[in-house]
Amino acid sequence: MKKLLFLVSMTLIFITAGCRKTVEFPITDLHVHLKGNFTLEDAVRKSEAENIQYGIAVNCGLGFLVQNDSQVDSFLLIMNDYPQFYVAMQAEGREWVNLFSKESIEKFDYVFTDAMTFTDEKGRRNRIWLPEETFIDDEEEFMNYLVKTLVTILNTEPVDIYVNATFLPAQMADRYDQFWTEQRMDEVINALQTNNIAMEINNRYEIPSADFIKRAKKAGVRFTVGTNNADENFSGAKYALDLIKECNLTESDFWLPVKKERI
Ligand SMILES: [Zn+2]
């Protein structure tokens with residue numbers, strides 16, 4: 001019996017140590033939105049309760065709440081009362097570079113974007129998280145155009161993080177590994193590394209894949225944790241924690257912004 005108890009307790013110690021290994025460093029979710037019923041006060045409570053630091057991001061771009069410099073200032077004024085959070089600009093569409101001054105962009109702690117909105121060769125504005133606004137005539141051609149667009153974004157837009165990284169439209173997402181070939185992965189990894197842009201590990205969409213992350217890590221790309229919550233119904237950072245373990249990521253594999261001084 002004593003032997004059994006010893007074995008059980010040793011197993012428990014082993015499991016606990018294994019779990020602790022995944023949270024050896026603080027987790028910061030740099031992609032939290034005030035959406036649905038999720039308020040700043042909720043963010044304060046949730047962040048403390050789950051022991052996860054937050055970066056609060058506002059969507060900035062054509063058709064969004066923040067479309068010009070003065071709206072940026074209004075948002076930042078509110079965030080002045082919440083110095084515990086990083087403050088992020090989520091740059092939307094491809095038009096954002098012309099909507100905001102350099103000074104306004106630099107007021108944020110960091111800027112990120114994704115490749116989910118773009119105009120294709122036939123002039124159609126794709127928003128690839130919406131099946132009805134995604135135009136796929138040929139899947140391989142669509143994929144080639146998506147990667148080409150993404151690489152151009154990474155090479156030309158002044159962002160710190162590529163978020164919702166490697167997202168595929170619903171029509172193609174079930175064949176992620178087929179579309180994300182080694183050559184396509186390397187094109188993206190190369191652009192991230194050349195431009196010193198971090199890649200988000202996204203808890204909501206559970207992307208990128210472990211293979212993609214391992215390959216990017218090998219090339220020296222750094223990562224961030226992000227959720228991109230649609231409302232108040234999100235919790236923890238399970239996907240990122242799982243992948244940190246699976247891909248042996250350490251604190252130095254992660255990028256963090258520097259908080260700017262606010263008045
Ligand atoms: Zn977002």
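Which residues of helix α2 (residues 40-50) are buried? L40, A43, V44, K46 and S47 are the buried ones, and the first close-up starts with them. A quick heads-up before the views: this is a predicted model.

**View 1. Helix α2 and what it packs against.**
Take α2, which spans residues 40-50, and look for L40, A43, V44, K46 and S47, its buried residues. They pack against β2 (52-60) and α3 (69-79). Just past the end of the helix sits N51, with a positive phi of about 55°. K46 turns up again in View 3, as a contact of F234.

**View 2. One face of helix α3.**
Here the residues to pick out are V72, F75, L76 and M79, which are buried in α3. Looking down the axis of α3, these buried residues fall within an arc of 100°, so they line one face of the helix. And what covers them? The cover includes α2, β2, β3 (86-91) and α5 (102-106). That ties this view back to the previous one, since the buried residues of α2 pack against α3 and β2.

**View 3. F234, a buried loop residue.**
F234 is in the loop between β9 and α10. Is F234 buried or exposed? Its relative accessible area is 10%, and with the cut-off for buried set at under 20%, F234 counts as buried. Setting aside neighbours within four places in sequence, F234 is in contact with V32, F38, K46, E50, Y54, T227 and N229. For a sense of scale, V258 is 24 residues from F234 in sequence, and their C-alpha atoms are 25 Å apart in space.

**View 4. Helix α9 and its two faces.**
Helix α9 covers residues 210-218, and its buried residues are A210, F212, I213 and A216. Down the axis of α9 they fall within an arc of 160°, so they line one face of the helix. On the face turned away from that buried side you'll find the exposed residues D211 and K218. The elements covering the buried residues include α7 (176-179), α8 (182-194), β8 (198-202), β9 (223-226) and α10 (238-246). After the helix comes G220, whose phi is positive, near 90°.

**View 5. Where α9 meets α10.**
Zooming in on one of the covering elements from View 4, α9 and α10 pack at an angle of about 55°, and their axes are 10 Å apart. That angle makes α9 oblique to α10. The crossing is right-handed. On the α9 side, look for A210, I213 and K214; on the α10 side, they meet Y239, L243 and E246. Sorted by class, this contact has four nonpolar, no polar and two charged residues.

**View 6. Where α8 meets α9.**
This close-up stays with α9 but swaps the partner: the axes of α8 and α9 come within 10 Å and cross at roughly 50°. The two helices are therefore oblique to each other. Their crossing is right-handed. α8 brings E182, M185, D186, V188 and I189 to the contact, while α9 brings F212, R215 and A216. The class tally is five nonpolar, no polar and three charged residues. F212 and A216 were also among the buried residues of α9 in View 4.

**View 7. Helix α6 alongside α8.**
What angle do helix α6 (residues 139-156) and α8 make when they pack? The angle is about 10°, with the axes 9 Å apart, which makes α6 roughly parallel to α8. From α6 come E140, M143, N144, V147, L150, V151, L154 and N155, and they meet R184, E187, V188, A191 and L192 of α8. The contact divides into eight nonpolar, two polar and three charged residues. Keep an eye on V188: this α8 residue also takes part in the contact with α9.

**View 8. T149 in helix α6.**
The last close-up picks out T149, found in helix α6. T149 has a relative accessible area of 13%; the limit for buried is under 20%, so T149 is buried. G36 lies 113 residues from T149 in sequence, and the two are 31 Å apart in space, C-alpha to C-alpha.

Key:
Residues numbered from 1 in each chain as written. Predicted model: local features only at pLDDT ≥ 70, side-chain atom pairs only at ≥ 80, totals over all residues. Heavy atoms only, no water. Buried < 20%, exposed > 50% of the residue type's maximum accessible area, 1.4 Å probe, protein only. Arc of directions from axis to C-beta. Contact = heavy atoms within 4.5 Å. Axes fitted to C-alpha atoms, helices over the stretch in contact; angles between N-to-C directions. Parallel < 35°, antiparallel > 145°, perpendicular 65-115°, else oblique. Left-handed = near helix turned anticlockwise from the far one by under 90°. Nonpolar A, V, L, I, M, F, W, Y, C, P; charged D, E, K, R; others polar.
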